[in-house]
Each structure stands twice: as C-alpha cells, then as structure tokens.
Amino acid sequence: MNNYREYLERLKKGEKGLNPFLDFLDIKLTDLKDGFAEFRMKVRPQYLQGAKTMQGGLVVALGDEAIAHAMMTQLKPGEGLTTIELKSNFLAAVSKGELIARANVFKKGKSLMIGDCLVTEDKGKNICRVSATFLLLKK
C-alpha cells in the first residue's frame with residue numbers, strides 16, 4: 001500500500017514526479033481537505049478532438065483523479081483504493097480556458113467509497129458531473 005498521507009502532503013507542496021499522469025496532463029492540485037479535493041487543468045489544443053472541443057475522456061479522467069484524491073484524505077493506514085465504477089454526465093462542451101474539478105466523498109463504508117465531482121470551466125459553466133465507486137483495499 002502507498003503512504004497516502006505522505007503522498008498528499010508532498011503533492012500539496014507542488015512536488016513533481018509523484019503522479020506521472022497528473023504531470024503528463026499538467027493537472028494541478030489547488031485545494032485539499034478532509035473529504036474534498038480540487039484540481040485544475042488547462043484546455044490545450046492537443047486535448048481537443050475533431051469537433052474542436054475537449055476530448056471527453058480527459059474531462060472524466062480529471063474528475064476521477066479529483067474523486068480519488070478526495071477519498072485518499074479519509075484513508076486509514078493500511079487502506080488503499082481502486083475505481084470499480086465510474087459514471088459521467090456531459091453537460092456542455094469546452095474548447096478553451098481552464099477546467100476546475102471539485103470532488104467530495106459522499107460516503108465511506110466498510111468496503112466501498114462513493115464520491116462525486118463537478119467539473120466546471122473557469123467562468124463557472126458546468127461541463128461534466130462524475131460519480132464513482134471505489135473498492136477499499138486493506139492489508
């Protein structure tokens with residue numbers, strides 16, 4: 001299992017190399033507290049699909065990462081997690097600016113965690129709602 005508390009502290013300080021996926025897409029952690037995480041990602045030309053709007057899978061991946069990190073704040077030593085279900089509702093397209101993903105833990109049970117995330121663009125328009133169920137892994 002990972003030491004999630006240490007990982008989150010180092011990530012909050014802006015350390016690179018901890019999560020190659022976040023680094024690759026230049027996703028920035030901007031807020032983190034118990035049961036909550038906020039990430040930001042610029043919409044880049046290389047992220048657009050043929051219709052010149054942001055590719056949906058990248059929006060969902062941003063939401064998934066935000067939910068996972070919100071959940072990490074509530075893990076006990078020896079616990080880990082993995083996504084077992086992910087649902088998205090696309091609300092609007094976006095082709096420029098910055099995406100903001102705000103995620104909350106909805107429920108932590110004995111074996112599952114449920115989280116929700118709303119991805120907006122930097123002017124406040126709702127882009128995508130993501131909900132996920134994670135399996136709690138125990139040593």
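Asp 64 is buried (under 20% relative accessible area with a 1.4 Å probe, protein chains only) but forms no salt bridge, and Arg 129, the nearest side chain of opposite charge, is 13 Å away. A salt bridge here is a side-chain nitrogen of Lys or Arg within 4 Å of a carboxyl oxygen of Asp or Glu. The model is predicted: local features need pLDDT of at least 70, side-chain atom pairs count only at pLDDT 80 or more, and totals for chains, interfaces and linings use all residues. Residues are numbered from 1 along each chain as its sequence is written, and side-chain values use heavy atoms, without hydrogens and water.

**Helix H3**
- Asp 64 lies in helix H3, a DSSP run of H or I with at least four residues, numbered from the N terminus.
- The 17 residues of H3 (residues 56–72) should span 24 Å at 1.5 Å a residue (times one less than the number of residues), and the end C-alpha atoms are 24 Å apart, which agrees.
- Of the 17 residues in H3, 15 are buried.
- A side-chain oxygen of Gln 55 comes within 2.7 Å of the backbone nitrogen of Gly 57 at the start of H3.

**Contacts of Asp 64**
- Not counting residues up to four places away in sequence, Asp 64 touches Thr 83, Leu 86, Val 130 and Phe 134 (heavy atoms within 4.5 Å).

**Nonpolar core**
- The largest nonpolar core has 42 residues, with Met 54 and Leu 99 making the most contacts inside it; such a core joins buried Ala, Val, Leu, Ile, Met, Phe, Trp, Tyr and Cys residues through side-chain atoms within 4.5 Å.
- H3 gives the largest share of this core, 10 residues.
- Beyond four places in sequence, the contacts of Met 54 include Met 41, Tyr 47, Val 59 and Leu 99.

Notes: Helices (H or I, at least four residues) and strands (E, at least two) are DSSP runs, numbered from the N terminus. Buried means under 20% relative accessible area, exposed over 50%, partly exposed in between (1.4 Å probe, protein chains only). A polar contact is a pair of N or O atoms within 3.5 Å; within protein, one must be able to donate a hydrogen and the other to accept it, and residues adjacent in sequence count only if both atoms are side-chain atoms. Lys and Arg count as positive and Asp and Glu as negative; His and the chain ends are not counted.
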